[in-house]
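I opened this model to look up a few things about its helices, its aromatic rings and its nonpolar interior. My entries follow in the order in which I checked them.

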Amino acid sequence: MSKPSFLMRLLPASGLKILNRGLAAWTVIVFIFLYLPILILVVFSFNGGKNSKAWDGLSLKWYGELFNNTPIMESLKNSLIIAFATTIASVIVGTTGAWLLHRYKYKFSKTLQTLICVPMIMPEIVMGISLLILFTVVRMELGFATVTIAHITFCFPFVLVAVQARLHGLDPALEEAALDLGAKPLQAFWLVIVPCLKPAILSGALMAFTLSLDELIVTFFTRGPGSQTLPIVVYGKARVGLDLTLNALSTVFVITTVVFVFFSEYLRKISTRK
């Protein structure tokens, strides 16, 4: 039988019950604070009126205007191009890096792994400014290439971490068996290891795609005149005034992001079970 905690020994039964109820109430308040504004936004995206403060009947009017808005659709196309390019590059770099760090051990491997993961925790404004300085120093014109490079910088570590978690659960005898049967190291990796890593790779790819699609701050510093992404356009519209098509757009983004995140988490759980 487990020993009672210090708090359980200190408080009487009635006091512990009150404490549990208080913590439960506080949890509910926090969830309401976080998700009530999103719920209100989703509800008012179906408002037929022009004033977002008053309900004027159920309508899909703003969704129709959203898909007929040329600047938004053009920026969405830019965002999707950058997100797909970022995802492909992040999967290649992240998977290869995870395998090399797992397969080969050397003196500074842990230090290198720590440095690779720094972009995951670095403030975005610091990364955006530092990348802008780098592109300026090397005289690289700001545009699709600079935005994509910037997105890859902070996206590929998420793929690397997901793949590494799967690699730690793999039986090393799989690669040894492939090598004993005559496969070269590259063939063993591609034909034996990569199929086992598919759930983790797909999970990391979905996370990279979502992060790239939603990124604002780093994109703001590294974009060019012809590479405006959807978050940049939305930010510009929100600064000028409340455009009710943004309610519909935000709803689409929220639903898409939630689906990607839950699917990514599902794939991650599958990869850890096998």
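Entry 1, a tyrosine and its partner. I began with Tyr63, which is buried at a relative accessible area of 12%, and I keep in mind that this is a predicted model. I then looked at Phe46, which is partly exposed with a relative accessible area of 27%. I counted four aromatic pairs. In one of them the ring centres of Phe46 and Tyr63 are 5.2 Å apart and the planes stand at 35°, so I noted the pair as tilted. Phe46 belongs to the loop between helix 2 (13-44) and helix 3 (61-67), while Tyr63 is in helix 3, so this pair ties together parts that are 17 residues apart in sequence.

Entry 2, a second pair. For Phe84 and Phe209 I found ring centres 5.1 Å apart with planes at 55°, so this pair is also tilted, falling between the limits of 30 and 60 degrees. Phe84 is in helix 4 and Phe209 in helix 9 (residues 185-214), so the parts tied together here are 125 residues apart in sequence. Phe84 is partly exposed at 49% relative accessible area, whereas Phe209 is buried at 9%.

Entry 3, helix 4. I asked what its 34 residues (70-103) should span at 1.5 Å a residue. The expected value is 50 Å, and the end C-alpha atoms are 49 Å apart, which agrees. At the N-terminal end of helix 4 I found Asn69 as the cap, with a side-chain oxygen 3.3 Å from the backbone nitrogen of Ile72.

Entry 4, the residue after Phe209. Thr210 is in helix 9 and is buried, with a relative accessible area of 7%. Setting aside residues up to four places away in sequence, I found that Thr210 touches Thr257 and Phe260.

Entry 5, the nonpolar cores. The largest core has 25 residues, of which Val163, Leu167, Ile193 and Leu197 touch the most other members. Helix 4, helix 6 (124-137), helix 7 (144-167) and helix 9 each supply at least two of its residues, and helix 7 gives the most, with eight. Looking at Leu167 without its neighbours within four places in sequence, I listed contacts with Ala98, Trp99, His102, Ile193 and Leu197. Apart from this core lies another, of 14 residues, which includes Leu66, Ala83, Leu244 and Phe253.

Entry 6, a charge and a ring. Finally I checked Arg223, whose charged end sits over the ring of Phe220 at 4.7 Å from the ring centre.

Definitions and conventions:
Residues are numbered from 1 along each chain as its sequence is written. This is a predicted model: local features need pLDDT of at least 70, side-chain atom pairs count only at pLDDT 80 or more; totals for chains, interfaces and linings use all residues. Side-chain values use heavy atoms; hydrogens and water are left out. Helices (H or I, at least four residues) and strands (E, at least two) are DSSP runs, numbered from the N terminus. The expected span of a helix is 1.5 Å times one less than its number of residues. A polar contact is a pair of N or O atoms within 3.5 Å; within protein, one must be able to donate a hydrogen and the other to accept it, and residues adjacent in sequence count only if both atoms are side-chain atoms. Rings of Phe, Tyr and Trp (its six-membered ring) pair if their centres lie within 6.5 Å; planes under 30 degrees apart count as stacked, over 60 as edge-to-face and the rest as tilted. Buried means under 20% relative accessible area, exposed over 50%, partly exposed in between (1.4 Å probe, protein chains only). A charge sits over a ring if NZ of Lys or CZ of Arg is within 6 Å of the ring centre and within 35 degrees of the ring normal. Contact means heavy atoms within 4.5 Å. A nonpolar core is a set of buried Ala, Val, Leu, Ile, Met, Phe, Trp, Tyr and Cys residues joined through side-chain atoms within 4.5 Å.
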